[in-house]
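Here is a short round of questions on how the labels used for a structure are justified. Each answer sets a value against its cut-off.

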Amino acid sequence: MKKSTTTKAKEFLFRDAPTIPLEIVDSGGRYIIDKDGKPYLDFTMGWCVGNAGWKKKAIINAVKGFQGPDYVQPNFLYKRWDILAEKLVCLLPHARGTCFRATGGTEANEIALKIARAYNKRKKFLAFKGAYHGQSLACLSLVRIPEHEEHFGTFSEDYLQISTGDWATATQEAVQCIGRGNISAFISEPFICNLGVLVPPQNFFDEVMEVCKKTNTLFICDEVATGFGRTGKWFGFEHYTLDPDIITIAKGFSSGYGAIGATIAKPEVAEAMRFEFSNYSTFGWHPLAVEAAIANINYLQKENLPSKAKESGVYLMKKLSAFCKPEGNGLCIGFNEPKKGTEIRCRKNGLMVSSINNRIVLFPALDVTKKEIDQATEILRKNV
Ligand SMILES: Cc1ncc(COP(=O)(O)O)c(C=O)c1O
């Protein structure tokens, strides 16, 4: 029997859930384009990936024009790795750190967990229940989503969680748990994008950092979604008085022009990994992805996009406040979804937004214009 294209596609390519019925054939600026040529104003940017915007010549040309080696094995010297590592660390407010090479966010977080275990020789981790740090078993164990445990089996008791909702309770739970002195690291996003952009108050991080310091527990800041200007600063943690021991990045690191991630640890913490084969990533910092990341950072700097995101974020927040209660910073914004289906209704009207945890999240490109914000908020106002 001749199989239809859809049946074949089902067999050949695994999908965990029904796909969004939209075939993407192109992208440009702040838009993605479907197979009928219809443009959609993109307020997700691949979920915090395309910070620079789509089809940026400066980045595309750097990748296309690259003349270096096709591949470099991780244990060789390669100048562009050193250049990128220095560039990356110099974006941090204190310009101190040692970079580990990764292909994406999950791997960056796995490396962070390994560093923490090697550093203080403890096995337990603490994270926000239901948040997200990646798809590996360790990353899934961190956040303990019931559907995952149902199918993958019960996760180890070494992974502990605190709940969000009431920050006073969350603070108390975290302080008590870390205070026992047997946690290797606490991991969190600075703004929890994966729970719909929840913004912990400063005192949450103050109290958590204090008990972490007292007990030699590390704080891993997952900046995979919030990094690279998304929140109006280079990194989300800069909105707080916060000194993470390890920072993980991916997504906006290349703005989607290369598959790349990194784990940046304080040099004294990174030292714990100085033993044979402590880490190896065949495709971590592939030469083409490195060119994309370098060109992306140069572009974000030249165009001053983190500051632009801050300004546009204030404007977007003001417009949203007319019909909902937005939370967030810069262009990393979430609000409660009053009626299910906002994502679909907005898409039908030419706007891409994302819904998660009964919240709508907005992650437009950092160079989004006022006119586009006006268009998007008008569609949202009519469709939430
Ligand atoms: C905060 C956060 N951490 C980690 C990840 C995993 O990154 P990747 O899909 O690149 O493995 C994601 C992906 O959405 C994320 O949002």
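Q: What makes the span of helix H5 close to the expected one?
A: In this predicted model, H5 covers residues 105-120, which is 16 residues. The expected span is 1.5 Å times one less than the number of residues. That gives 22 Å, and H5 reaches 23 Å from its first C-alpha to its last.

Q: Which residues of H5 are called buried?
A: Buried means under 20% relative accessible area. In H5, Gly-105, Ala-108, Asn-109, Ile-111, Ala-112, Leu-113, Ile-115, Ala-116, Ala-118 and Asn-120 are buried. Just after H5, Lys-121 has a positive phi of about 60°.

Q: Which residues come nearest to the ligand?
A: There are 13 residues around the ligand. Gly-105, Thr-106, Asn-194, Asp-222 and Lys-251 come nearest.

Q: What makes the approach of Asn-194, Asp-222 and Lys-251 to the ligand a set of polar contacts?
A: The cut-off for a pair of N or O atoms is 3.5 Å. A polar side-chain atom of Asn-194 lies 3.0 Å from a ligand oxygen. For Asp-222, a polar side-chain atom is 2.7 Å from a ligand nitrogen. For Lys-251, a side-chain N or O atom is 2.9 Å from a ligand oxygen. Each distance is within 3.5 Å, so each pair is a polar contact. On its own the ligand has 390 Å² of accessible area, and the protein covers 80% of that.

Q: Why is Cys-212 not counted in a disulfide?
A: A disulfide needs two cysteine sulfur atoms within 2.5 Å. The closest cysteine sulfur to that of Cys-212 is in Cys-177, 10 Å away, so the gap is too far for a bond. Cys-324 fails too: its closest cysteine sulfur, in Cys-346, is 11 Å away, too far for a bond. By this rule the count is zero disulfides.

Q: Why are Cys-212 and Cys-324 called buried?
A: The limit is under 20% relative accessible area. Cys-212 has 2%. Cys-324 has 14%. Both values are under the limit, so both residues count as buried.

Q: What makes S1 and S2 a pair?
A: Pairing takes at least two bridges. Strand S1 (residues 24-28) and strand S2 (residues 31-34) have four bridges, in the antiparallel sense. One match sets Ser-27 against Ile-32 in S2. The hairpin of S1 and S2 has two residues between the strands, and Gly-29 takes a positive phi near 60°.

Q: Why are S1 and S13 placed at the edges of their sheet?
A: The open sheet has four strands in the order S1-S2-S3-S13, with mixed pairing. S1 and S13 (351-352) each have a single partner strand, so one side of each lacks a neighbour in the sheet. S13 runs parallel to strand S3 (residues 39-42), joined by two bridges. Leu-41 has Leu-351 as its bridge partner in S13.

Q: How do you know that S15 pairs with S12 and with S14?
A: At least two bridges are required. Strand S12 (residues 332-336) has four to S15, running antiparallel. Strand S14 (residues 354-356) has three, also antiparallel. Gly-334 stands opposite Val-361, and Ser-355 stands opposite Ile-360. Two residues separate S14 and S15 in their hairpin, where Asn-357 has a positive phi of about 55°.

Q: Which way do the side chains of S15 point?
A: Arg-359 and Val-361 point one way, Ile-360 and Leu-362 the other, and all are buried. Side chains in a regular strand alternate between the two faces of the sheet.

Note on methods: Residues numbered from 1 in each chain as written. Predicted model: local features only at pLDDT ≥ 70, side-chain atom pairs only at ≥ 80, totals over all residues. Heavy atoms only, no water. Buried < 20%, exposed > 50% of the residue type's maximum accessible area, 1.4 Å probe, protein only. Near = heavy atom within 4 Å. Polar contact = N/O pair within 3.5 Å; in protein donor to acceptor, adjacent residues only side chain to side chain. Areas by Shrake-Rupley, 256 points an atom, 1.4 Å probe, with all protein chains shown as cover.
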